[in-house]
Amino acid sequence: MPHVRLLTVLGNRLTSVQSVISLERWKGYTQFEDDKGLGRVALLSCILATILGVNLVFCSQLVLIHLGLLSREIFGGWSDGTLQMALQWTVYAIALCAFHLGEFFTTAVFNPSVTSADSFMVNHSKAYTAAALVSWLEFCIRIFFFPDRNSPRIFCMGIIFVLGGQITRSWAMTTCGESFNHYIQRDKKENHVLVTSGIYGILRHPSYFGFFYWAVGTQLLLCNPLSTILYGIAAW
């Protein structure tokens with residue numbers, strides 16, 4: 001059946017993308033043999049930091065244009081709608097890179113025994129990768145066909161969601177320390193303890209709570225109506 005064949009093709013493509021993200025083709029090299037290899041950690045951190053830096057520069061320029069302190073001619077006279085969407089994209093990219101770098105950094109400092117390249121959470125799952133690709137596609141369609149259908153208020157709401165979610169999740173990870181793990185554990189670790197202090201005295205699952213609002217917030221940043229709903233359902 002045509003739709004089954006299409007789903008199979010998309011699934012294979014997604015597997016290929018996930019393979020690239022996981023650096024599986026580099027496993028023949030010593031530093032890339034496993035997820036604790038320094039090559040994987042160095043390469044992922046370099047890529048994320050580069051993307052973060054580039055978007056910080058563009059974001060700063062776009063903010064200066066919005067404040068009237070810089071001429072919009074540096075971007076070829078883009079319309080107000082296109083400039084606003086460009087700003088939203090750079091803020092989204094900054095939030096995304098900061099999240100993944102923060103996941104690794106927080107794990108390395110407060111839970112070093114399980115720190116690896118997987119701590120970046122870049123290759124979290126096929127579902128995570130697919131969700132990101134769908135949101136990027138939706139944003140591209142909007143910026144090319146509907147650049148003026150946007151809402152700065154929703155964008156600002158997204159900033160609040162992202163910051164609140166990030167702070168909550170990072171706080172939860174630092175409070176848990178060695179008892180935190182990115183993946184569901186089937187067996188109890190010897191040094192695992194039930195944490196009820198700090199933010200865990202306020203929220204039962206603060207790391208999930210933080211990730212939910214962070215994830216939904218990223219789509220509010222982009223003002224993606226479809227992906228905002230889908231992210232909310234998937235992350236619930």
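Helices here are DSSP runs of H or I that span at least four residues, numbered from the N terminus. With that in hand, let's work through some exercises on this predicted model.

**Exercise 1. Find where M121 sits between helices, and decide whether M121 is buried or exposed.**

Step 1. Look at the helices on either side: M121 belongs to the loop between α3 (80-110) and α4 (126-145).

Step 2. Check the backbone. The phi angle of M121 is near 65 degrees, a positive value in a residue other than glycine.

Step 3. Turn to accessibility. Buried means under 20% relative accessible area. M121 has 5% relative accessibility, so M121 counts as buried.

**Exercise 2. Do likewise for C223: which loop holds this residue, and what is its phi?**

Step 1. C223 is placed in the loop between α6 and α7 (225-235).

Step 2. Its phi is near 60 degrees, again a positive value in a residue other than glycine.

Step 3. With a relative accessible area of 10%, C223 is buried.

**Exercise 3. Describe the overall make-up of the protein: how many helices and strands are there?**

Step 1. Count the elements: the protein has 7 helices and 0 strands. Read from the N terminus, the order is α-α-α-α-α-α-α.

Step 2. Consider burial. Of the 236 residues, 40% count as buried.

Step 3. Consider sequence separation. Taking contacts between residues at least 6 apart in sequence, 69% join residues at least 24 apart.

**Exercise 4. Work out how α5 and α6 are arranged, using their axes.**

Step 1. Get the geometry. The axes of α5 (residues 152-176) and α6 (residues 206-222) come within 7 Å and cross at roughly 155 degrees.

Step 2. Classify the angle. Angles over 145 degrees count as roughly antiparallel, so α5 is roughly antiparallel to α6.

Step 3. Add the handedness: α5 passes α6 in a left-handed crossing.

Step 4. List some partners. Among the contact residues are F155, F161 and R169 in α5, and F209, W214 and L221 in α6. Sorted by type, the contact residues comprise 15 nonpolar, 8 polar and 1 charged.

**Exercise 5. Repeat the analysis for α3 and α4.**

Step 1. These axes come within 11 Å and cross at roughly 165 degrees.

Step 2. The cut-off of 145 degrees applies here too, so α3 is roughly antiparallel to α4. The crossing of α3 past α4 is left-handed.

Step 3. On the α3 side the contact uses M85, Q88, W89, Y92, L96, F99 and H100, and on the α4 side Y128, S135, W136, F139, R142 and I143. These residues divide into 9 nonpolar, 3 polar and 1 charged.

**Exercise 6. Find the largest nonpolar core and say which element gives the most to it.**

Step 1. The largest nonpolar core has 34 residues. Those with the most contacts inside it are L62, L87, V91, F120, F155, W214 and L221.

Step 2. Two or more residues come from each of α2 (38-66), α3, α4, α5 and α6. The most come from α3, which gives 12 residues.

Step 3. Zoom in on L87. Leaving aside residues up to four places away in sequence, L87 touches C59, L62, V63, H66 and F155.

Step 4. Look for another core. A second, separate core of 7 residues includes M173, C176, F180 and I199.

Note on methods
Residues numbered from 1 in each chain as written. Predicted model: local features only at pLDDT ≥ 70, side-chain atom pairs only at ≥ 80, totals over all residues. Heavy atoms only, no water. Axes fitted to C-alpha atoms, helices over the stretch in contact; angles between N-to-C directions. Parallel < 35°, antiparallel > 145°, perpendicular 65-115°, else oblique. Left-handed = near helix turned anticlockwise from the far one by under 90°. Contact = heavy atoms within 4.5 Å. Nonpolar A, V, L, I, M, F, W, Y, C, P; charged D, E, K, R; others polar. Buried < 20%, exposed > 50% of the residue type's maximum accessible area, 1.4 Å probe, protein only. Core = buried A, V, L, I, M, F, W, Y, C linked by side-chain atoms within 4.5 Å.
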